[in-house]
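Let's take a walk through this model together, with the sequence in one window and the 3D view in the other. We'll begin with a loop, move on to a pocket and finish out on the surface.

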Amino acid sequence: MTEHLAREHTEVHFSVMHPGWADTPAVRNSMPDFYEKMKDKLRTVEQGADTVVWLAVAKDPVTKPSGLFWQDRSSVSTHLPLAWSRTSRQEEDRLMSHLRTLEDKFCN
């Protein structure tokens with residue numbers, strides 16, 4: 001979505017980020033087995049929030065292309081190798097069209 005919005009609205013700078021796995025109530029409660037196995041490796045809430053706060057206030061991100069995916073204050077690949085997360089332009093267009101239909105239905 002971010003890449004699509006960046007292409008469509010060039011007057012706005014878009015960024016998206018992943019906080020990494022952080023020790024939050026949501027992780028503890030919704031994925032208890034994962035939490036038990038990984039609790040000593042999880043980030044703090046502050047570490048998870050670092051990049052989103054940095055994106056909001058720092059000057060460096062807006063000097064980079066709009067639509068990037070960030071983690072740990074660095075732009076990273078949007079699609080993980082072997083994750084089959086890549087979509088076609090047509091799939092992106094269909095998703096955005098559907099979202100606009102929902103927006104019209106519920107927001108107008």
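Before we start, a word on naming: helices (H or I, at least four residues) and strands (E, at least two) are DSSP runs, and they are numbered from the N terminus. Keep in mind too that this is a predicted model.

With that naming in hand, find the loop between strand 2 and strand 3 (74-76), where Asp-72 sits. Asp-72 has a positive phi of about 55°, although it is not a glycine. Arg-73 is found in that loop between strand 2 and strand 3 as well, and it is also a non-glycine residue with a positive phi, here about 60°. Are these two buried or exposed? Neither, as it turns out: Asp-72 has a relative accessible area of 42%, so it counts as partly exposed. Arg-73 is partly exposed too, because its relative accessibility is 40%.

Now look for the largest pocket, which holds about 270 Å³ of space. Its lining is made of 15 residues, and the closest to the pocket centre are Met-1, Thr-2, Glu-3, Thr-78 and His-79. Which elements supply at least two residues each to that lining? They are helix 1 (2-8), strand 2 (68-71) and helix 5 (89-107). Helix 5 gives the most, with 4 residues. As for chemistry, the lining of the largest pocket splits into 6 nonpolar, 6 polar and 3 charged residues.

Met-1 is worth a second look. Besides being among the residues closest to the centre of the largest pocket, Met-1 helps make a nonpolar surface patch of about 470 Å², together with Leu-95, Leu-99, Leu-102 and Phe-106. Phe-106 belongs to helix 5. Why does Phe-106 count as exposed? Because its relative accessible area is 60%, and the cut-off for exposed is over 50%.

One last stop takes us to helix 3 (residues 32-38), where you'll find Lys-37. Lys-37 has a relative accessibility of 70%, so this residue counts as exposed. If you want a distance to check in your viewer, try the C-alpha atoms of Lys-37 and Leu-82: they are separated by 24 Å, and the two residues are 45 residues apart along the chain.

Technical notes. Residues numbered from 1 in each chain as written. Predicted model: local features only at pLDDT ≥ 70, side-chain atom pairs only at ≥ 80, totals over all residues. Heavy atoms only, no water. 1 Å grid on protein atoms, 1.4 Å probe; cavity = no way out; pocket = protein on both sides within 12 Å on 5 of 7 lines; lining within 4 Å. Points joined across faces, edges and corners; volume = space filled by probe spheres on them. Nonpolar A, V, L, I, M, F, W, Y, C, P; charged D, E, K, R; others polar. Patch = residues over 30% accessible without salt bridge, like charges linked within 9 Å, V, L, I, M, F, W, Y side chains within 5 Å. Areas by Shrake-Rupley, 256 points an atom, 1.4 Å probe, with all protein chains shown as cover. Salt bridge = Lys/Arg side-chain N within 4 Å of Asp/Glu carboxyl O. Buried < 20%, exposed > 50% of the residue type's maximum accessible area, 1.4 Å probe, protein only.
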